[in-house]
Amino acid sequence: MINKRIYFIFLLLVGVLLASCSKDSDEPTTDPTDDQGTEQPTPEPDPEAIDLSAYDNGERVMMQAFYWDVEPRFEWWTNLTGKVAGWSDAGINRIWIPVATKGQSGGYSMGYDVSDYFDFGEFSQHGTIETRFGSRAELEELIQTAHDNDVEVIEDIVINHNSGGGLEYNPYRDKDTYTLFDEEHGNASGMFNRNYEDFYPNSVSNYDPGSLFYAETNLDHNRERVQDWLWKKDNSVAKYYQNVMGFDGWRFDYVLGYEPWVVKAWLDEVGGFSVVELWDGNADVLKNYVEETGSRAFDFASFYKLEEGLDRYEDLNSLTGSQLWQTYPDKSVTFTANHDTEKDSNEDNYIKRENKMKAYAYIMTHPGYPCVFYLDYEDSEFQDELQNLIAIHNSLATGETEVLYVDEDEYIMKRSGTGTNPGLILYISISNSTKRRAVSSNWNNITLMDYSGNSTYNPTSDENGAVTIEAPANGYSIWSITE
């Protein structure tokens, strides 16, 4: 009885061994037909992606190269110098740096409390020689390195409120005010010394067009002397920054604090890339400003439509609302975050982290000039995805824009492409499940793929360009042709 059991177990083990050998064999052991004898098709190989670099559309991206209270102090210029070549390789052609001169807060200043317009970190005042960001020599090295990598450097300009001067009696206010800026009082460079006559009110102007900051030291641009020192003279702020320091353009801070003609006069004098901070979500206000000044503007209208659609109302119909890029794509600088929004405690003034990449997918595929925020790009969870979105922006994001479908949960937009450039289709979904929708493309009988890498679905369009595309749950996809 025992011998029979052993023999049975032995036969069973042999059968299992033979079966497993058969499964692992490289040679097929069965006829390649189904149960009815029908031959099965050979699986199609995965489609091959096009080379995005072969479709360079000439567009690029700007980097906001700072955040509030950057660390480590005194090393920021050196930090950026080490990164700029990589940013250039990624497709970034401009960096926007913070106010580079000495502020009242000295080594802790982010530059917006402007004291000396010509102290780039070389004069001992306000408790430090270097600025928070480093020395003048380190700044000059950053600018040179950027230029060597075909990257322009955009300087943040504060030309209304000043801070850090000395006390003097101000007859227009009948009290002492901190309006004395000279070599001993916050202006060690000795260039553009100021006193109470240069600020509102004075013998020229009795009114202040509006300043929320340092109202007693708000520069009066109606004064010829102020105009001379800011943009007209050969050694004015504008011309010194451009011709001596090598800055390529300007980001005008808080333009609500002075009249639009100031920006226009500056640009008429020195030119250069220009973008203004006009914090207003009304697209018509932005449109009127760029028409009046000729400057680009940060597209706060677009920013707030993204915040409303993705966060506040969770309704993607908001994405079709009025935005600057719709009327002036060449004047719109789109963004999803900046140094101010990221520290704002009002949840309506920032886009939540979980929606950041959908917002970036929107600005990287739509018209406008996208600006990437430093902390987002340097975030290890975002960087690869942002680099891919920049590559898509710099290649396929071209041609006419058409919204193919929109509802609360879904938004589908097509860029038509130009010439041999195929363009793209963006599909954003805030649904909790995967979505598919049939749309009309410009591509006939072509297999598509999602260049964001968020979907592995590979649909093929029909002879009329109709195709069903897919968006992952609470995510996005970006479709275009394959080889």
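This short talk walks through some local features of one protein structure. Keep in mind that the model is predicted.

Let's start with one residue, serine 332. Serine 332 sits in strand S11, which covers residues 332-335. Is it buried or exposed? Serine 332 is buried, because its relative accessible area is 0% and buried means under 20%. Which side chain does serine 332 pair with? That is aspartate 299, through a polar contact of 2.9 Å. Beyond its neighbours within four places in sequence, serine 332 also touches other residues, including Leu324, Trp325 and Tyr369.

Next, charges. Side chains of opposite charge can pair when their charged atoms come close. How many salt bridges does a search of the whole structure find? The search finds 30. I'll take three.

Number one pairs glutamate 71 with arginine 132, and the closest N and O atoms are 3.3 Å apart. Glutamate 71 is in the loop between strand S1 and helix H2, while arginine 132 is in the loop between strand S4 and helix H3, so this pair ties together parts 61 residues apart in sequence. The two partners have their own settings. Glutamate 71 is partly exposed, at 45% relative accessible area. Arginine 132 counts as buried, at 3%.

Number two pairs glutamate 197 with arginine 223, with 4.0 Å between the closest N and O atoms. Both residues lie in the loop between strand S7 and helix H4, so the pair ties together parts 26 residues apart in sequence. Glutamate 197 is buried, with a relative accessible area of 18%. Arginine 223 counts as buried too, at 16%.

Number three joins arginine 251 and aspartate 253, at 2.9 Å from N to O. Salt bridges with shared partners link Asp156, Arg251, Asp253 and Glu277 into one network. Arginine 251 and aspartate 253 are both buried.

Now to the helices. Look at H4 and helix H6, residues 260-270. Their axes come within 10 Å and cross at roughly 50°. That makes H4 oblique to H6. Who meets whom? From H4 come Gln227, Leu230, Trp231 and Lys232. From H6 come Trp261, Val262, Ala265, Trp266, Glu269 and Val270. The residues of this contact divide into seven nonpolar, one polar and two charged.

Then there is helix H10, residues 356-365. Here 10 of the 10 residues are buried, so H10 is largely enclosed by the rest of the structure. Among the buried residues are Lys356, Tyr360, Ile363 and Thr365.

Last topic: backbone geometry. Most residues other than glycine have a negative phi, and most peptide bonds are trans. Here are some exceptions.

The peptide bond from glutamate 71 to proline 72 is cis, with omega near -5°. Glutamate 71 is the partner of arginine 132 from earlier. Proline 72 is found in the loop between S1 and H2. Another cis peptide bond joins tyrosine 200 and proline 201, with omega about -15°. Proline 201 lies in the loop between S7 and H4.

Now phi. Aspartate 150 is not a glycine, yet its phi is positive, about 60°. Where does aspartate 150 lie? In the loop between H3 and strand S5. Aspartate 150 is exposed, at 68% relative accessible area. Glutamate 314 also has a positive phi, about 50°. Glutamate 314 is in the loop between helix H8 and helix H9. At 53% relative accessibility, glutamate 314 counts as exposed, because the cut-off for exposed is over 50%.

Notes
Residues numbered from 1 in each chain as written. Predicted model: local features only at pLDDT ≥ 70, side-chain atom pairs only at ≥ 80, totals over all residues. Heavy atoms only, no water. Helix = DSSP H or I, 4+ residues; strand = E, 2+ residues; numbered from the N terminus. Buried < 20%, exposed > 50% of the residue type's maximum accessible area, 1.4 Å probe, protein only. Polar contact = N/O pair within 3.5 Å; in protein donor to acceptor, adjacent residues only side chain to side chain. Contact = heavy atoms within 4.5 Å. Salt bridge = Lys/Arg side-chain N within 4 Å of Asp/Glu carboxyl O. Axes fitted to C-alpha atoms, helices over the stretch in contact; angles between N-to-C directions. Parallel < 35°, antiparallel > 145°, perpendicular 65-115°, else oblique. Nonpolar A, V, L, I, M, F, W, Y, C, P; charged D, E, K, R; others polar.
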